[in-house]
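User: Please take a close look at the main nonpolar core of this model and the helices that build it. I would like one connected account rather than a list.

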Amino acid sequence: LILKMKTDMTGRALTLLASLILLAMTNVAAQERTILIRNGRVLDGSGNPWVYADVLIRGDRIEAVGKLGNVQADEVIDAQGLYVTPGFIDTHSHAGPGLASPGLSHGEPLLAMGLTTIFANPDGGGSTDLANQRSEFLEDGLGVNVAQLVGHGSVRRQIMGSADRHATADELERMKAIVRDGMEEGAWGLSSGTFYVPGNYAPPEEIEELAKEVAPFGGSYTSHYRDESTYSVGLIAAVDEVINVGRVAGIPAVLTHVKALGPFVWGYGEAIVQRVERARAEGVQVFADQYPYTASATGREPALLPRWSQSGGRDSLLVRMADPETMARIREGMVEGLARRGGADRIQFRRYRVDESIEGRLLSDLAEERGQDPIDTAIDLIRAGSVSIVSYNMSDADVETLMAQPWTMTSSDGDLVPMGEGVPHPRTYGAFARKIRLYVKEKGTVTLSQAVRSMTSMPAQVFGMQDRGMIRPGMIADVAVFDLDKVRDVAEFTDPHHYSEGMVHVLVNGEAAIKDGTFTGARPGRVLQKRSRGIS
């Protein structure tokens, strides 16, 4: 019928129809709910200092910014004395599984830090079926937006399992096809965890070939690089490897949760800076993200075990551990691994399903209680089940050196877990608030405008989010309004389950997720898809 109408219509009739459609669209826009944020100190995300301005939001977008005089709106927010910024973007988050569950899809710990968007599937992990994962995210609604990455480790495991070898030509082609499929589904780039199994078994050339698959889509590459200390190739060689992926593939490359781990490499922060600056001078798009803590978190196995011992998965590991001669070699590697982490008094258990009573305790204390060498205690724990740890292994001087760089973004590397479960790293609840409290307000390592840029416009630019990360007309209305004097992280290493404070209003896609300091229960988040050829 529509085709017949088009055929029968005269040019004048078509013009009339177009006018009616335009009028209808205008009426819909006019009916969209408006919010006016008045009198705030607006930090637009560019890194410029704040200015007094009003922000008018219509529907899910920012319509106007400036002195808006007598403009009327359905809702007026008085932001006198408060800062108005773009919603924060977490470039490295493990909150994805939590957000896909009914009890945690609200994302309240994230919203309490001002987060409105997180990148899921970091470290080479996560699902390779992004369409199905997207459905899981949306099933119970989302408190925040989610952007998906394709995880190299998951891709490799799907094709090769945990085999410690190079891929065949056929296997590489199959991996490339999975990455292409992920990009077609709207992924924002490729993540890797070459520190972990099975990503550790891949040569740099494999990563480079897969990174080339994301280039036509305007994607980026982010990596938990192969060695943050002296585990294998060494810290600087691992940094160079990530840089070279960006160079070869012609895409932005991100040193994710950048650090110099352990006393053997303390002071290497400046060396990382020199490597990045040299590459950027050459024209390579290199960036970093960082969580603002001197402690990391990982599994006990990757922290201590030599990688060769993990080939084939946990069952193969246990077989090797049962052989006395092989176990002796494994133990030697664990002694070296513990030294890299700074010793048993720098290892704290955060989650252990086998025996929850050890969660929050130090390895040194548990070993002393059992009358064991700490390595033997660690061996017993690994044999019984997987255990995750917090590791106090960084120098604050390195943290500040890396944070101050104009190419360093902010991330959390945090989980999203039920309140009271385990003893997670406090970054789960506090990373973004901590950076503002400690490194902006107390230490002055960076200015507030620099910190906000690292949390908003820079990640949006690096990953090609064209309509987020700025307070400007036409941008999506992801907005944080906070009291700078009250912003603080409350989570502590031994008592982490506390939301951050100071966020007064948080809007996600133009809808309030926090209003007057209270969660609204809304689920306005979306799964953001990077459209083909780099259009978001």
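Analyst: What follows describes the core, then one residue inside it, then the helix packing. The model is predicted.

The largest nonpolar core has 57 residues, and Tyr225, Leu255 and Ile272 are those with the most contacts inside it. Several elements each supply at least two residues of this core, among them the helices α6 (152–160), α7 (169–184), α8 (204–214), α9 (235–249) and α10 (269–282), together with the strands β12 (253–255) and β13 (286–290). Helix α19 (457–463) is also on that list. The largest share comes from α9, with eight residues.

Isoleucine 272 shows how this core is joined. Leaving out residues up to four places away in sequence, Ile272 touches Tyr225, Leu235, Ile236, Val239, Leu255, Val258, Lys259 and Leu402. A second core, separate from this one, has 44 residues, including Leu111, Phe432, Val446 and Met503.

Valine 276 lies in helix α10. Is Val276 buried or exposed? Its relative accessible area is 0%, and because buried means under 20%, Val276 counts as buried. With residues up to four places away in sequence again left out, Val276 is in contact with Ile243, Leu255, Val286 and Trp407. Leu255 is thus touched by Ile272 and by Val276. Val276 and Val239 are 37 residues apart in sequence, yet their C-alpha atoms are 8.4 Å apart in space.

Next, the packing of α8 and α9. Their axes are 9 Å apart and meet at an angle of about 40°; the two helices are therefore oblique to each other. Their crossing is right-handed. On the α8 side the contact is made by Pro204, Ile207, Glu208, Ala211 and Lys212, which meet Glu241, Asn244, Val245, Val248 and Ala249 of α9. By class, this contact holds six nonpolar residues, one polar and three charged.

Another helix pair can be set beside this one. Helix α13 (residues 324–340) packs against helix α15 (residues 374–384) at about 115°, with the axes 10 Å apart. That angle makes α13 roughly perpendicular to α15. This crossing, too, is right-handed. Met327, Arg331, Met334, Val335 and Leu338 of α13 face Pro374, Ile375, Asp376, Ala378, Ile379, Ile382 and Arg383 of α15 in this contact. The residues here divide into nine nonpolar and three charged, with no polar ones.

Technical notes
Residues numbered from 1 in each chain as written. Predicted model: local features only at pLDDT ≥ 70, side-chain atom pairs only at ≥ 80, totals over all residues. Heavy atoms only, no water. Axes fitted to C-alpha atoms, helices over the stretch in contact; angles between N-to-C directions. Helix = DSSP H or I, 4+ residues; strand = E, 2+ residues; numbered from the N terminus. Parallel < 35°, antiparallel > 145°, perpendicular 65-115°, else oblique. Left-handed = near helix turned anticlockwise from the far one by under 90°. Contact = heavy atoms within 4.5 Å. Nonpolar A, V, L, I, M, F, W, Y, C, P; charged D, E, K, R; others polar. Core = buried A, V, L, I, M, F, W, Y, C linked by side-chain atoms within 4.5 Å. Buried < 20%, exposed > 50% of the residue type's maximum accessible area, 1.4 Å probe, protein only.
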